[in-house]
Structures are given as C-alpha cells and as structure tokens.
Amino acid sequence: MRLMVLMVAAGAVMASGVLAQDAAEDPFADAVEMRHGLMLQMATDLGKVGAMAKDETPYDAAVAGKAAANIAAIASVLSMDQFPAGSEYQKATDSFALPAIWEKQDDFLQKVADLNTAAAAFQTAAATDLDSLKAGMAALGGACGACHKAYRQPEE
Ligand code: HEC
C-alpha cells in the first residue's frame with residue numbers, strides 16, 4: 001500500500017516536471033497555436049463564401065449560412081485569452097502578433113467587437129441570396145483586414 005502511494009506520488013512529480021519543462025521551453029506555444037487555429041478556421045470559411053462571391057463556386061444558401069455562422073461563432077471566442085502579454089512577434093515562436101496589441105489593447109478589442117458586428121450582419125446576408133452575400137463581403141473582409149493592418153506582422 002505504501003509502495004503504491006509512493007509510486008503514484010513519483011508519477012505525479014514526473015508528470016508535473018514534464019509540464020514545467022514544456023512551459024519553460026515556450027510558455028506561449030498553446031496560446032499561439034490556439035489563435036492560429038481559430039484564424040485558420042475563419043479563413044477557410046471566408047474562402048468558401050469568397051468563392052461564391054467571385055462566382056467560382058455556385059451559391060448555396062446552406063453552405064454560405066454555415067460558413068458565416070462559423071465565423072460569427074469564432075469571432076465570439078476571440079479575446080485576450082488567446083493573446084497573453086508577451087506572446088508577440090520575435091518573442092514567441094511562430095507569432096506574428098505585433099506588440100501594439102498590448103499597447104493599445106482597447107483598440108484591439110474594439111476590432112474584435114467590430115468583427116463580431118460584421119459577422120452577425122453577414123450571417124443574415126450570406127443566407128439570403130447571392131447578391132446580399134456579395135454586398136456583405138466587403139464589410140466582413142474589412143473587419144479582418146483592419147485588425148491585420150494594425151496588429152499583424154506581414155509574413156515575409
Ligand atoms: C482583432 C484582430 C483580428 C481580427 C478581427 C482578425 N484577425 Fe486574423 N490575425 C490577427 C493577428 C494578431 C494574427 C497573428 C497571430 C499570430 O501569428 O500569432 C492573425 C493571423 C491570421 C491568420 C494567419 C494564421 C496563421 O496560422 O499564421 C489568418 C489566416 C487570419 N488571421 C485570418 C483572419 C480572418 C479570415 C479574419 C476575419 C474573418 C481575421 N483573421 C480577423 C488578428 C485578427
């Protein structure tokens with residue numbers, strides 16, 4: 001019984017050691033991975049409605065509505081949770097997030113709010129008809145672009 005307790009305790013120490021070691025290597029790895037995943041999913045969904053807007057794929061109200069709903073859902077998840085202070089370009093691995101995010105956090109969060117507003121409007125437009133979808137694209141894409149212009153280091 002005592003041996004069992006000791007073994008469990010040793011296992012716990014080893015497990016926490018591994019976690020601590022990972023954290024020491026890159027404390028921001030999870031946050032960067034998380035925001036990249038969210039951004040990439042939004043880009044995939046934007047690509048679907050973008051292809052319809054450019055008449056590259058036929059308009060499908062259900063597919064467009066789902067893509068728009070995904071973007072709105074992901075926009076609602078974006079917060080400083082995925083952007084811990086210090087996880088910036090040239091400090092955290094694979095990060096292209098500019099330090100201005102933390103210097104002008106209110107404005108950054110306003111751009112998150114703007115995306116939420118645009119995504120909500122686009123959800124209705126995308127599911128209505130192709131003309132509405134086309135008309136709504138600029139505002140949605142603009143909300144992505146406005147934030148990237150200010151807060152994302154362009155990849156070389
Ligand atoms: C509030 C700011 C903000 C908004 C709004 C925003 N993004 Fe981003 N996005 C960023 C930042 C900052 C990065 C860089 C993150 C990093 O590299 O750590 C980024 C990175 C990306 C990337 C690159 C991901 C990767 O793996 O390197 C894609 C793709 C992307 N965004 C797509 C979008 C799309 C599509 C939208 C709109 C539907 C959008 N973003 C809206 C801030 C934003």
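**Exercise 1. Place Ala138 in the fold and state whether the residue is buried or exposed.**

Step 1. Ala138 is found in helix H6. Helices here are DSSP runs of H or I with at least four residues, strands are runs of E with at least two, and both are numbered from the N terminus.

Step 2. Ala138 has 61% relative accessibility and therefore counts as exposed. The classes are: buried under 20% relative accessible area, exposed over 50%, partly exposed in between, computed with a 1.4 Å probe on protein chains only.

Step 3. From C-alpha to C-alpha, Ala138 and Ala118 are 9.6 Å apart in space, and they are 20 residues apart in sequence.

Note on the model. The structure is predicted, so local features need pLDDT of at least 70 and side-chain atom pairs count only at pLDDT 80 or more, while totals for chains, interfaces and linings use all residues. Residues are numbered from 1 along each chain as its sequence is written, and side-chain values use heavy atoms, with hydrogens and water left out.

**Exercise 2. Describe the protein chain: how many helices and strands are there, and what share of the residues is buried?**

Step 1. The protein chain has six helices and zero strands.

Step 2. Along the sequence the pattern reads α-α-α-α-α-α.

Step 3. Of the 156 residues in the protein chain, 33% are buried.

**Exercise 3. Which residues coordinate the iron atom of the ligand, and what is the arrangement of the donor atoms?**

Step 1. Met39, through SD, and His148, through NE2, coordinate the iron atom at 2.1 to 2.4 Å. Donors are N, O and S atoms within 2.8 Å of the metal (3.2 Å for Na, K and Ca); water is not among the atoms, so sites may look incomplete.

Step 2. Six donor atoms surround the iron atom, and because they subtend angles of 86 to 178 degrees, the arrangement is octahedral. Six donors count as octahedral if opposite donors are over 155 degrees apart and all others lie between 65 and 115. For comparison, the ideal angles for six octahedral donors are 90 or 180 degrees.

Step 3. Met39 belongs to helix H2 (residues 29-53) and His148 to helix H6 (residues 130-151), so the pair ties together parts that are 109 residues apart in sequence.

Step 4. Met39 is partly exposed, at a relative accessible area of 30%. His148 is also partly exposed, at 28%.

**Exercise 4. Describe the surroundings of the ligand: which residues come nearest, and which element gives the largest share of the shell?**

Step 1. There are 24 residues around the ligand, and Met39, Phe96, Cys144, Cys147 and His148 come nearest. A residue is near a molecule if one of its heavy atoms lies within 4 Å of it.

Step 2. For the polar atoms, begin with Arg35: one of its polar side-chain atoms is 2.7 Å from an oxygen atom of the ligand. In the side chain of His36, an N or O atom is likewise 2.7 Å from an oxygen atom of the ligand. In the side chain of His148, an N or O atom is 2.8 Å from a nitrogen atom of the ligand.

Step 3. H2, helix H5 (105-128) and H6 are the elements that give two or more residues to the shell. H2 gives the largest share, seven residues.

**Exercise 5. Where do Asp55 and Asp94 lie, and what is the sign of phi in Asp55 and in Asp94?**

Step 1. Asp55 lies in the loop between H2 and helix H3 (61-77). Asp94 lies in the loop between H3 and helix H4 (100-103).

Step 2. Phi of Asp55 is positive, about 60 degrees, although the residue is not a glycine. Phi of Asp94 is also positive, near 70 degrees. Most residues other than glycine have a negative phi.

Step 3. Asp55 counts as exposed at 52% relative accessibility. Asp94 counts as exposed at 55%.

**Exercise 6. Are Asn70 and Ala119 buried or exposed, and what is the partner of Asn70 in a polar contact?**

Step 1. Asn70, found in helix H3, is buried, with a relative accessible area of 18%.

Step 2. The side chains of Asn70 and Asp45 make a polar contact at 3.2 Å. Such a contact is a pair of N or O atoms within 3.5 Å; within protein, one must be able to donate a hydrogen and the other to accept it, and residues adjacent in sequence count only if both atoms are side-chain atoms.

Step 3. Ala119, in helix H5, is buried at 1% relative accessibility. The C-alpha atoms of Ala119 and Ala72 are separated by 5.0 Å, with the two positions 47 residues apart along the chain.

Technical notes: Four donors count as tetrahedral if all angles lie between 85 and 135 degrees; four count as square planar and six as octahedral if opposite donors are over 155 degrees apart and all others between 65 and 115; anything else is irregular.
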